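Student: Could you walk me through this model before I set anything up on it? I would like to start with the ligand and then move outward.

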Amino acid sequence: MHITLCLTDTKPEPWLAGLQAAWPEATLSVWQPGAPPADYAVVWAPPQQFLDEQAGLQALFNIGAGVDALLQKRIAPGTLVVRLDDAGMSVQMAEFVTHAVIRHFRELDGYQADVAQGRWSYRKPRSRAACQVGVLGLGVLGERVARALQVFEFPVRGFSRSPKQIEGVACYSGAMDGAGLHDFLDGLQVLICLLPLTPETENILNHENLSRLAPGAHVINVARGAHLVEADLLALLDSGQLSGATLDVFRTEPLPAGHPFWQHPKITVTPHTSARTLREESIAQIVGKMHALQRGEPIAGVVDPTRGY
Ligand code: OXD
């Protein structure tokens, strides 16, 4: 079995060593132009030349959860595209998002500002029952986030394209511009975007949709920068309609110097770090799936290119 690695901006050596240890009989190589065809590939942002030359791959394993950039490339129709499916990411996402929600709900930024002024102050406790939190996108990560929020007894809503049922979560579904989405958004105190990026979901965090949230709502985007219309968010923050935003992903990454988000007092910026790929967990998952494919068994995380996730 020949596995090739093509990892842009990621050091291949630890992946090579880990994959070799997990599957000692496999032949591993770091892809170079003109390399012989492999059976499987482990990739991150591969160039088109790689995909054209390795058109006979049985499967392409993306070392991330999102495949939007990969699907913009030409991929041979016979090659399965497989994304990471949790592999230690969902617990990280749950802790990142619940931290952001609690920081908003408990007004921790306000307390921090008071303390910085030497002020011992109290704020009136907010009503938890009124703090409706909505998770936009109920894939593996979204569902885990919804469950984590329930631990703190927030009323949780979820939205997905196809209907889902999650105990204790008010689930809405439908088209990205339909009544289900509007009902989901109406009056939310916190909106969390965890959608895959597709032509349908691009710019979904726009003026019209964000205006449906409760006055003073907080927006958390941990999906992709292109979900958000940046100027619309800035206008709604500046008018006071929204109280804040936690943004981990951006249209251009790294966020360019001088971008208004850097210094905005109502925006918390983090450098696309909400759920990092964990190498050991990912290797174990990928090799497990390769073995399953060898045995002719179905695997989780296979991307449907027509849906885009
Ligand atoms: C991913 C990411 O797609 O880190 O996994 O954004």
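**The ligand shell and beyond**

Tutor: Sorted by class, the shell around the ligand comprises three nonpolar, three polar and one charged residues, where Ala, Val, Leu, Ile, Met, Phe, Trp, Tyr, Cys and Pro count as nonpolar, Asp, Glu, Lys and Arg as charged, and the others, Gly among them, as polar. This is a predicted model, in which local features need pLDDT of at least 70 and side-chain atom pairs count only at pLDDT 80 or more, while totals for chains, interfaces and linings use all residues. Residues are numbered from 1 along each chain as its sequence is written, and side-chain values use heavy atoms, with hydrogens and water left out.

Student: Which residues surround the ligand?

Tutor: The ligand is surrounded by G64, A65, G66, M89, R224, H272 and A275, a residue being near a molecule if one of its heavy atoms lies within 4 Å of it.

Student: What lies 2.7 Å from an oxygen atom of the ligand?

Tutor: A backbone N or O atom of G66 does. An N or O atom in the side chain of R224 is also 2.7 Å from an oxygen atom of the ligand, and for the side chain of H272 an N or O atom is likewise 2.7 Å from a ligand oxygen. The protein buries 85% of the 210 Å² that the ligand exposes when taken alone, with accessible areas from the Shrake-Rupley method with a 1.4 Å probe and, for residues, only the protein chains shown counted as cover.

Student: Where is R224, and why does it count as buried?

Tutor: R224 is placed in the loop between β10 (217–221) and α9 (230–238), where helices (H or I, at least four residues) and strands (E, at least two) are DSSP runs numbered from the N terminus. R224 counts as buried because its relative accessible area is 18%, and buried means under 20%, exposed over 50% and partly exposed in between (1.4 Å probe, protein chains only). Leaving aside neighbours within four places in sequence, R224 is in contact (heavy atoms within 4.5 Å) with G66, D68, L197, V249 and H272.

Student: Switching to the interior, how many residues does the largest nonpolar core have?

Tutor: That core has 47 residues, and those with the most contacts inside it are V42, V97, V101, V135, L149 and I192; a nonpolar core is a set of buried Ala, Val, Leu, Ile, Met, Phe, Trp, Tyr and Cys residues joined through side-chain atoms within 4.5 Å. Helix α4 (residues 89–105) gives the most to this core, with seven residues. A second, separate core of 29 residues includes I204, A223, L242 and L247.

Student: And what does I192 touch?

Tutor: Not counting residues up to four places away in sequence, I192 touches ten partners that include V97, V101, V133, G134, V135, L136, V145, L149, I220 and V222.Student: Back to helix α4, is S90 buried or exposed?

Tutor: S90, which is found in helix α4, counts as buried at 1% relative accessibility. The side chain of S90 makes a polar contact with the side chain of D86 at 2.8 Å, a polar contact being a pair of N or O atoms within 3.5 Å; within protein, one must be able to donate a hydrogen and the other to accept it, and residues adjacent in sequence count only if both atoms are side-chain atoms.

Student: Last one, where is W31 found?

Tutor: W31 is found in the loop between β2 (27–30) and β3 (40–44), and at 10% relative accessibility W31 counts as buried.
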